[in-house]
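Visitor: Could you take me in for a close look at one helix pair and how the two pack? Feel free to wander off afterwards.

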Amino acid sequence: MSVTWTAYRTCPLCEAGCGLEVTVQGGHVKRIRGDRDDVFSHGFICPKGSTLKQLHEDPDRVRAPLVRRDGEFVEVSWDEAFAEIERRLMPIVERHGRDAVAVYLGNPNAHSLAGMLYGKALVKAVGSRNVYTASTVDQRPKELAAALMFGGPLIVPVPDIDRTDFLLILGANPYASNGSLATAPDWPGRLEALRSRGGKLVVVDPRRSRTAQEAAEWIAVRPGSDPLLLAAMVRVLLDERLVDLGDVAPFVEGVERLGPALAAFGPDDVADVTGVEAATIRRLARELAAAPRAAVYGRIGTTTAEFGTVASWLVDVLNICTGNLDRAGGAMFTTPAVAGANTHGAPRVGRGVRPNHPRSRVRDLAGTFGELPAVCLAEEIETPGNGQIKALVCVAGNPVLSLPNGERLDAALGSLELMVSVDIYRNETSRHADVILPAPSALEKEHYDVALLQLAVRNVANWSVAVLPRPEGEPDEWEVLARLALIAQGAGADAAPTVVDDLVIGALVNAAVADEHGPLHGRPADELHAALARRTGPARIIDFYLRSGPYGDHFGTNPAGLTLDALLAAPHGVDLGPLQPRLPDGLRTPSGMVDIAPQPILDDLPRLEAALTRSTEDYVLIGRRDLRSNNSWMHNVEVLVKGKPRCVLHVHPDDASTIGLVDGGQAKVSSRVGTVVVSIEVTDRIRRGVVSLPHGWGHDLPGADLEVATRHAGVNVNRLTDDEMFDALTGTAVLNGVPVELAPA
Ligand SMILES: Nc1nc2c(c(=O)[nH]1)N[C@H]1C(S)=C(S)[C@@H](COP(=O)(O)OP(=O)(O)OC[C@H]3O[C@@H](n4cnc5c(=O)[nH]c(N)nc54)[C@H](O)[C@@H]3O)O[C@H]1N2
Ligand SMILES: Nc1nc2c(c(=O)[nH]1)N[C@H]1C(S)=C(S)[C@@H](COP(=O)(O)OP(=O)(O)OC[C@H]3O[C@@H](n4cnc5c(=O)[nH]c(N)nc54)[C@H](O)[C@@H]3O)O[C@H]1N2
Ligand code: SF4
Ligand SMILES: [Mo]
C-alpha cells in the first residue's frame, strides 16, 4: 500500500518564490502544481515549477561524489571525496598561500539555505582575496548604488507594483524572468491588475519583449544608453521645477548637486545616442512627476551594461525626485522577517562603503564588498606570479557558460591544479573539476528565501520542509559547505560540520545580545541557545532569525510573534501585510541621510559624457530570457527544451536585408573575443542595429554528462561577450551592448 500525502513548499528556481503543492505517493512525486492557498502566489506557477520532479528524477543528476582518476570520473564515498580534497588542497595553500585558492559562488546560492547561511563561512575559511560570485555578472551595480545612497547593498527599494499607478520598467522582462530584485510571484498578473485599475506601464527595452508588448508604451532605447535617458529625465524635472521629494525631503541630502552634475545631459543632448526623441523624454518625465503614485524599476538590461551603477543610481534619483521613494505605490523598502539588512542595529547609523576595494592583481580592477569582478577570473588563473589562482572551489556556478569570454575561461579552468565543484550536474564547468560533490535535489532540501524575501513587494514569511528524505548517508548541502570550510581552515577532512553550524549560530546570538537597539539586548546568550536547542542546521538559524526579527516572539517577550514553529503550522506561508514606509530609521548610511548624489558615482559622469558623442554605427548584441530556461542549467529537462529551438539570433528585417541574412538561415557573429554560428529569426520585435541571443546555451562541450541538453545544445553567447568590457565602478560585466559583426554563414 502506498501512502499519498501533500507537501507545500516554495519553488527555489527563480526569484518569484511561488508556492507549490507537491503530491507524493509511495515516496515518489506524483504531481506538482501551484499552491492555491499560498499567501503570496495564490496558485500561480510557471512551466518550470513543476519540473522539480524531472530535475529530481533526472538520471544525469550527480548522486554520489565523483573524483577524477586518470581522466575518468569515478564514484567514491563522501569520506574519500573529502580526504582527496584535503590531500590536494592543503599543499597548494602551503606552497602558494591562501590567495591561490579561489571561490566562485553561482546564482543558486541566493536560492538556497546552504549558500545563504554557510557560504560566508566557507569564504572566510578559505581566506583568499580571490572571491568571485555571479553578482558581478548581474546586480552588483544596483547593490553599490543602494549601499552609497541608502547604506547597504540589500537596502534596495522595490517597486510597489500592487499599488502603483505608473510603472516605468527599464531592461527587465518579468513576463519571462518573473522578476528580479523585486520578489513577486505572478508579475504578469500583477501588471495586468495595474492596467485594469487604470494604471500605465511603460517599458524601455531595445526589444519589444513580452512585457513591452503588454505595455501602454514601448520605448526602443539603444543598448547601454539608459543612463543618458534617465539623466535627461532628471534634467527635465529640475529644469521644469517638477522636483518634489514628498515626505522623505527631510532625510535626503545632496539634491543641489544633481543639477551641476547632470548639466550635460539635457533631452536634446541625449536624443541621438539613446534613439529616443527629446519630446518623448520630456513627456515621460512629466508623466512620471504627475502620476499620483509611480515607480521606476531597472534590471539586467541596465545593470549588466557599461554604466550599470550610474543607471541604477538614476533609477532611484527619479524615484526620490518625484516623491515616490518610501511611499505606497512608489519604490519602497521591504521589512523582511528574516535577516533584514536594516531591521537590526542602530537606526540611521552605518559604516559606509569602502570604495575601490579590493583591487584585482592582474588588471587592478575595483572590487566590491570583498569580491573581485568575475571578468578577472580567467586572467587571475592564467597569469603567473604571487597570488595566481591554482585551485578553485566552485559552488552552484557554471562560469563557462555564464561569464564573458567563456572560451578563455574554459581553457583557464582546464589549467588549474585542483578544482572542486559542488553541483548537481557534470556540466560545462564541473567537467573540469577533480572532485564533484553533489548537492541534494531541491525536493530533498528545506527552504526559506532568505535573500529574496528581503526584496519582496509584500512582507511574507514561508518555511518549506523537505518533500523527500535524503538517501541514507547523503549529507545536506550545508554540511558539504561546512566540511569544505573545515578542510580549508586546516581542521581536517574528518571534522564535524556541526562545528561550523555552532559557530554561525553563536555569532548571530552574540550579535543580537550586543545590539543595543535590538529586542534581545542584554539577554543571556545561554538562555537563547537553550530555547533553540531542539534544532540544528538551517532550521535553527532561521528559527533564530525569525524570533529575533521585527515580527518575532523575541524569545518570550512578544509571545504572539513569529517562530519556526509558527511557520511550520502555516504551510502556505504567513502574510505580514503590504510594505510600510521605512525612512528614516531604515537608513544605514554614515550620515543617516539618503545620499542622492554620492561622490563616487558623480565621479563616473565624465565617462558617461564622453559616451554622448560615440558612434552608433556598430551592430550591438544584447541578451534575453525565455520562460522555460533558467540561466544555464535546466536544459536537461526534456519538457522545457522540446519544441522550436530557442537559442536563435533575433535580427531586425531591415538589418537582415542589408547584411543578407534570411529567416531560418545562419549567421556568423563575431566580436573582439570570438565567433559563433547561429540560426536566425528575422523579427521586428527588436530595434534596428541590435541583435539578441539568450545566454546559458552551448551544451556541446566534451566531458559533460547532459544527455538531453546536448541534443539541444545551442551556442554560448558568452563566447562573444568581452571580459574587457565592464562597469567601471563595480567591474560588472557588460552583457548587453557588445559590438559585433554579422555575416551570412
Ligand atoms: N550573456 C549573458 N550572460 C549572463 C547573463 C545574461 O543575461 N547574459 N546573466 C547573468 C546572470 S543574471 C547570472 S545570475 C549568471 C548565473 O551564473 P552562474 O551562477 O555561474 O550560472 P548558472 O547557470 O546559474 O549555474 C548554476 C549552477 O548551479 C548548479 N545547481 C543548480 N541547483 C543547485 C543546487 O541546489 N546546489 C548546487 N550546489 N548547485 C546547483 C547548476 O547545475 C549549475 O551548474 O549568469 C550571468 N550570465
Ligand atoms: N525564465 C527565466 N527566469 C529567470 C532567469 C532565467 O534565466 N530564465 N534568470 C533569473 C536571473 S539570474 C535574473 S538576474 C533575472 C533577470 O530578470 P530580468 O532583468 O527581467 O531579465 P531578462 O528577462 O533578461 O530581461 C532583460 C531585458 O533587458 C533588455 N535589454 C537588453 N539590453 C538593454 C539595454 O541596454 N537597455 C534596456 N533598457 N534594456 C535592455 C532585454 O531585451 C530584456 O528584455 O531573471 C531571473 N529569472
Ligand atoms: S515563476 Fe519562478 S518560482 Fe514561480 S514556479 Fe516558475 S520558476 Fe518557480
Ligand atoms: Mo541573475
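Guide: Sure: α18 passes α19 in a right-handed crossing, meaning that the near helix is turned clockwise from the far one by less than a right angle (anticlockwise would be left-handed). Bear in mind that this is a predicted model, where local features need pLDDT of at least 70 and side-chain atom pairs pLDDT 80 or more, while totals for chains, interfaces and linings use all residues. Residues are numbered from 1 along each chain as written, chains are lettered from A and ligands numbered from 1 in written order, and side-chain values use heavy atoms, without hydrogens or water.

Helices here are DSSP runs of H or I, at least four residues, and strands are E runs of at least two, numbered from the N terminus. α18 covers residues 498-514 and α19 residues 525-532; their axes sit 10 Å apart at about 130°. Those axes are fitted to C-alpha atoms over the stretch in contact, with angles from 0 to 180 degrees between N-to-C directions. The two are therefore oblique (under 35 degrees is roughly parallel, over 145 roughly antiparallel, 65 to 115 roughly perpendicular, the rest oblique).

Who touches whom? From α18 come I505, G506, V509, N510 and V513, meeting A525, L528, H529 and L532 of α19, with contact meaning heavy atoms within 4.5 Å. That makes six nonpolar, three polar and no charged residues (Ala, Val, Leu, Ile, Met, Phe, Trp, Tyr, Cys and Pro are nonpolar; Asp, Glu, Lys and Arg charged; the others, Gly among them, polar).

As for wandering off, the peptide bond from H357 to P358 is cis, omega near -10°.
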